[in-house]
Structures are given as C-alpha cells and as structure tokens.
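Colleague: Please take a close look at one part of this model, and set out how the strands pair there and where the charged side chains meet.

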Amino acid sequence: MLNRLLLAIFILPAVVTTATAQVGKYRNDLSLGVNAGYVMSNVGFNPKVNQTMHGGITGGFTFRYVCEKYFNTICAVQAEVNYARIGWKEDILDAQDAPVINPATGSAEQYSRTMNYIQIPIFAHLGWGREEKGCQFFVQAGPQIGFCIGETTEANFPLDAPNTDDRVNNITAQYSMPVENKFDYGIAAGLGLEYSHPKIGHFQLEGRYYYGLGNIYGDSKKDYFGKSNFGNIVVKLTYLIDIIKTKNREN
C-alpha cells in the first residue's frame, strides 16, 4: 500500500499535465528564473530530541511550463534546483523548562547541526487569476529529492562528555553520528501569489511545507533511531521571465 502511495505522489505532476493536455485552451509557455528564501527546519527523531526551529537560506533556479488553461485553471509543471541549509537546533532544558547552564562557561548549552543539500522539487502547479498582467493565486504539490553535500556542527559544550544529569531529555547519540543516508526524498506542497507583467516577467511569493519520507539515519531494529526525517517550512520569492510564449493566444 505504501509503495503504491509513493508511486502516485511521485508521478502526480506528469499525470496532471497529461490529463489536462487533452482539453481546454492550449498553452505553450516556458519561463525560467531564480528563487531565494528562508527555511525553518527540524528532524523528527524517535526517540524524541527536543528542538526549536533551525533557520537557514535556500536559493536556486526555477523552470515552469504552462500547458493549458482549463476553464479558469492555469495548469503547469514547475521545477527547481536549489541549494538549502537545513538541519536541527536542540532545545536543551531542565525539568523546570529552564535552559541548562554549562558550568564551565556560565551560558546556556546550545547545539545545532547544519546540513547542506541540493534539492529538486517537481510540482503540479495550478493557478487562478490573470495570466498576462495582474495577480493570480496558485497552489502546487509534488515530490522532492535531495542530496547532502556537507554538514557542520555548532556546540558550546564538549560533545564527548555532555551534561545529561540536568537535562529533561538526555538523548545524545546524535552528537557523534554523521548523516548516514545522504539521499533524501519526500513530498512538498505550497500556496502563494503571483504578479505578472508582460514587460518585466513574473514574481511569486510562496509559503511551502516539505515532509521527508526518508531518514537521515538507519532505521532498522539494530539502529538507535527508529525515525529521523526532515520537516521544512519555506518562505520563498521567485522571479521568472518568459522564454517561449503561446502564439495567437486564446483567452
């Protein structure tokens, strides 16, 4: 059942494009551009690791192909190739929900892991509103894959001898564990607004959520973590310019 669900998710953009290409008003619009934004991420560990959101940048290239206008719905496929800094930041607290103080420095203990990823989302993109000049609302959803190209750790206490006596959560195995599964995959969905102008191009402002279906660590019975998947909240601005436009457009 799970394999069938994953297959359906990953072929969604192709299915939407193929199905809608048989009816409606023809479009052949190709746009290319760039995007940049901010990512708030964490990792769903089991056993649980207390966290706040890890903040990082993302940016890359965007490609969009509009194939049809079906009634009032603008149907397209949109894809990106991005660089993203994601990871997790721990919330190290005692039993009274106060920060644990490092006795050597007198400051609150802090730990974060940053992982650098190349990410490729491919979306079925549906919009409602003006195509040529004005605003439209859009939603998009589809699969995303990623590959870890590096990682760094920041901590203000010795990782080989953390103070677990004062912590309400004493899970520390992750400190000595680099990423095991560099390939990541999951599903992403977002909604946003687009402003278009025939002379200057398209501007998109979007909020997006990504749910990882893979784990960064092994999840067999012999492994420490049974689950270690990403959750990302992304706010992104995209700029697109038209490369190919439909001739003799029928509105």
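Modeller: What follows covers strand β5, its partners and the salt bridges. The model is predicted, so local features need pLDDT of at least 70 and side-chain atom pairs count only at pLDDT 80 or more, while totals for chains, interfaces and linings use all residues. Residues are numbered from 1 along each chain as its sequence is written, and side-chain values use heavy atoms, with hydrogens and water left out.

Strands are DSSP runs of E with at least two residues, numbered from the N terminus, and two of them pair if DSSP finds at least two bridges between them. Strand β5 (residues 111-129) pairs with β4 (residues 73-90) in the antiparallel sense over 15 bridges; here Met115 is the bridge partner of Ile86. With β6 (residues 134-155), β5 has 17 bridges, also antiparallel, and Thr114 is matched by Thr152 in β6. A hairpin of four residues joins β5 to β6.

A salt bridge is a side-chain nitrogen of Lys or Arg within 4 Å of a carboxyl oxygen of Asp or Glu. By this rule there are 10 salt bridges. One of them links Glu131 and Arg27, N to O at 2.9 Å. Because Glu131 lies in the loop between β5 and β6 and Arg27 in strand β1 (residues 25-46), this pair ties together parts 104 residues apart in sequence. Both residues are buried (under 20% relative accessible area; exposed is over 50%, partly exposed in between, with a 1.4 Å probe and protein chains only).

Glu151 and Arg113 form another salt bridge, with closest N and O atoms 2.8 Å apart. Glu151 is in β6 and Arg113 in β5, so the pair ties together parts 38 residues apart in sequence. Glu151 is partly exposed at 27% relative accessible area, whereas Arg113 is buried at 2%.
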